[in-house]
Every structure is written in structure tokens, then in C-alpha cells.
Amino acid sequence: MEKIDARKLSTDAQQQLRYQAIRLRKQGRKYKEIAEIIGVQLTTVCQWWKSYEHGGKKAIRIQKRGRPTGNCRTLKPEQEKVVQRSIRDKCPDQLKLPFALWTRIAVQQLIKDLHGIDMPIRTVGHYLKRWGYTPQKPLRHTYKQNPKAVKKWFDEQYPNIAQKAKKEKAEIHWGDETGLCNDSYHGRSYAPRGQTPAINLWPRCERVNLISTVTNQGKVRFMVYKNRMNSNTLIKFMERLIKNSDRKIFLILDNLKVHHSYIVNDWLEEHKKQIEIF
């Protein structure tokens, strides 16, 4: 049999060759015969068998090649844990770093502050990847949102709205008020994979208010307004919403008081053939 270069085989395949050689030797086969069958050198078979005789099956297991895990790293395991915990539990500004989000540069500065080590930026990236930290877009926490109530509404009430809209050939609009703020963060921050980071927003900001709707097909309608939302502003928006619509509109809004004020309800009664609020 033609000799094979075992170095080109996978680790599992190399291991199976060793086990096969031991099985054949136990059956009484000679070294030369075994070498011909599995395609390796005679001396190799001899070495495997002698190792097996002295140490058993454990002695012929292929050892992991390369340097030991963690060898020659800049940070010690305890130092790595400190850095990981800081990134996971704190934002950079909470650690008096001049950054809002965790970037490689921010982590590089953190390592220098904690351990006095000037680590190259590329090495910082290798550490973050090894720890399972990925750059993610932070979540903005909505304090008054109730996920259980939202799910219940979707499961129980929305199907009825959708069925009614289909019957009346109405168009469903999802509406809400929002603002364009000067504290918006569009960058990404490093965090453990699967754990999206959150940032603390400054309580006061400069903003431009707007009310908008989006349909299930992705059509967007919006209007910019000043000051706070009130009944007259909402009515003004709904007048524009129905102006060029050839279908009745089902407008889904949240429980903001102004959405259900007496003034708004009176206006809706006069235009009930054109628009309805849920």
C-alpha cells in the first residue's frame, strides 16, 4: 500500500489510524503487515505499540499542538476579568473616560487606566473578539412601556381591528409622537454577544417635535409642530391625514390623554366615516 502523509489528515483521522494499528496488533498482526495496511512507516507502528504498552490508550492520544491557551498574552486572567466586568456593567463616562460608548479606543484607554498597559488597538480588538464582545447599537430604555400589556393587546385586540379594517376596506396607520434630539447616539458600543448595551440619556435636550404614522405597507406621514402635543395639534394632523386619502383610516395611538380628549372625540364623531382612533 502506498504510504500516506499523515500530516495532511485531520486530527480525528490521525487518531483513528493509531487506534486501528493497536487493534491489528492485538489480533496478532506483524508490524510490517500493519504498516502496509494503514499506509504508515514501520517505525511509526512500533512507536505507537510501545507507547500503548507503557501507558495504555491514553498514551497514544494526539496532544493538542501549539502553545498553551493564554500563553504570551499581555493581560493576566484576573486582569481580563476586571476589564470585562467594567465594560459589561458600566458606560465609559461612568468610569470618567471621555467616551459615551465602548469602542476599541475606549477599551484601550480603560486598560491603560486599570493596569497601566499601553495595548495596541489591534490587540484590543483581538481581546474583545476572544471575550465574545461585539459592536452593537445601544437600546434606548422606554420607562413606561409594559411589554406584557403590549403582547396582550396584540394577541387580543389587534386581530379584531385588522378584521374590521378588512371589512370596511380601511387603511391601518400606526401613530405616535416623537422628537429629534441633540442627544442621539448613532454609534455602536462593544458588549457581550447577545447582550445589547444601554446608555443613559441626558434629561434635557434641544428638540423638534413631530407626529407621524406608518401603515402596514410602510407608507409614512408626518407633521412637525412646536411646543407640546394638544388636541388642536392632533386634529390638525388628522385633517391632513384624511385630506388626500381615498380610504377610511384606522389610526392606532397610545394612551396619551390628549388622544382621547373631549375635543378630539367630538371631532372624530363628525368625521367617523373618514377616520377612527383605536
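**Exercise 1. Find which strands supply at least two residues each to the nonpolar patch, and describe the patch they help to make.**

Solution. Strand S4 (207-215) and strand S5 (220-225) are the elements to look at, as each of them supplies at least two residues of the nonpolar patch; the model in which they are found is a predicted one. The next step is to list the members of this surface patch, which are Leu180, Val208, Val214, Val220, Phe222 and Val224, and which together make about 540 Å². Strand S5 gives the largest share of the patch, namely 3 residues. As a last step, take Val220, which lies in strand S5: its relative accessible area is 48%, and because exposed residues must be over 50%, Val220 is classed as partly exposed.

**Exercise 2. Describe helix H9 by its span, its N-terminal cap and its buried residues.**

Solution. Begin with the extent of the helix: H9 covers residues 231-243, which is 13 residues, and from its first C-alpha to its last it reaches 18 Å, close to the 18 Å expected at 1.5 Å a residue. Then look at the N-terminal end of H9, which is capped by Asn230, with a side-chain oxygen placed 3.2 Å from the backbone nitrogen of Asn232. Finally, go through the helix for burial, where the buried residues include Thr233, Leu234, Phe237, Met238 and Leu241. When reading such a list, it helps to recall that an α-helix has 3.6 residues a turn, so residues three or four places apart point the same way.

**Exercise 3. Compare the burial of the two partners in the salt bridge of Arg73 with Glu80, and then do the corresponding work for Asp89 with Arg88.**

Solution. In the pair of Arg73 and Glu80, the closest N and O atoms are 3.4 Å apart. Arg73 has 29% relative accessibility and counts as partly exposed, whereas Glu80 has a relative accessible area of 8% and is buried. In the second pair, the side chains of Asp89 and Arg88 meet at 3.5 Å, N to O; here Asp89 is partly exposed at 46%, and Arg88 is partly exposed at 42%. These are among the salt bridges of the model, whose count comes to 10.

**Exercise 4. Work out which parts of the chain are tied together by the salt bridge between Lys248 and Glu276.**

Solution. The two side chains meet at a distance of 3.2 Å, N to O. Lys248 is in the loop between H9 and strand S6 (249-252), while Glu276 is in strand S7 (residues 275-277), so the pair ties together parts that are 28 residues apart in sequence. Lys248 itself counts as buried, with 16% relative accessibility. The last step is to follow shared partners, since salt bridges of this kind join Lys164, Glu168, Lys248 and Glu276 into one network.

**Exercise 5. Locate Asp254 and list what its side chain meets.**

Solution. Asp254 is placed in the loop between S6 and helix H10 (262-270), and at 35% relative accessibility Asp254 is partly exposed. Setting aside neighbours within four places in sequence, the residues in contact with Asp254 are Asp176, His259 and His260. With the side chain of His259, the side chain of Asp254 makes a polar contact of 3.0 Å, and a polar atom of the Asp254 side chain also lies 3.2 Å from the backbone nitrogen of Leu256. Farther along the chain, Phe278 is 24 residues away from Asp254, and the C-alpha atoms of the two are separated by 8.4 Å.

Methods
Residues are numbered from 1 along each chain as its sequence is written. This is a predicted model: local features need pLDDT of at least 70, side-chain atom pairs count only at pLDDT 80 or more; totals for chains, interfaces and linings use all residues. Side-chain values use heavy atoms; hydrogens and water are left out. Patches are made of residues with over 30% relative accessible area and no salt bridge: like charges are joined within 9 Å, nonpolar side chains (Val, Leu, Ile, Met, Phe, Trp, Tyr) within 5 Å. Accessible areas come from the Shrake-Rupley method with a 1.4 Å probe; for residues, only the protein chains shown count as cover. A salt bridge is a side-chain nitrogen of Lys or Arg within 4 Å of a carboxyl oxygen of Asp or Glu. Helices (H or I, at least four residues) and strands (E, at least two) are DSSP runs, numbered from the N terminus. Buried means under 20% relative accessible area, exposed over 50%, partly exposed in between (1.4 Å probe, protein chains only). The expected span of a helix is 1.5 Å times one less than its number of residues. A polar contact is a pair of N or O atoms within 3.5 Å; within protein, one must be able to donate a hydrogen and the other to accept it, and residues adjacent in sequence count only if both atoms are side-chain atoms. Contact means heavy atoms within 4.5 Å.
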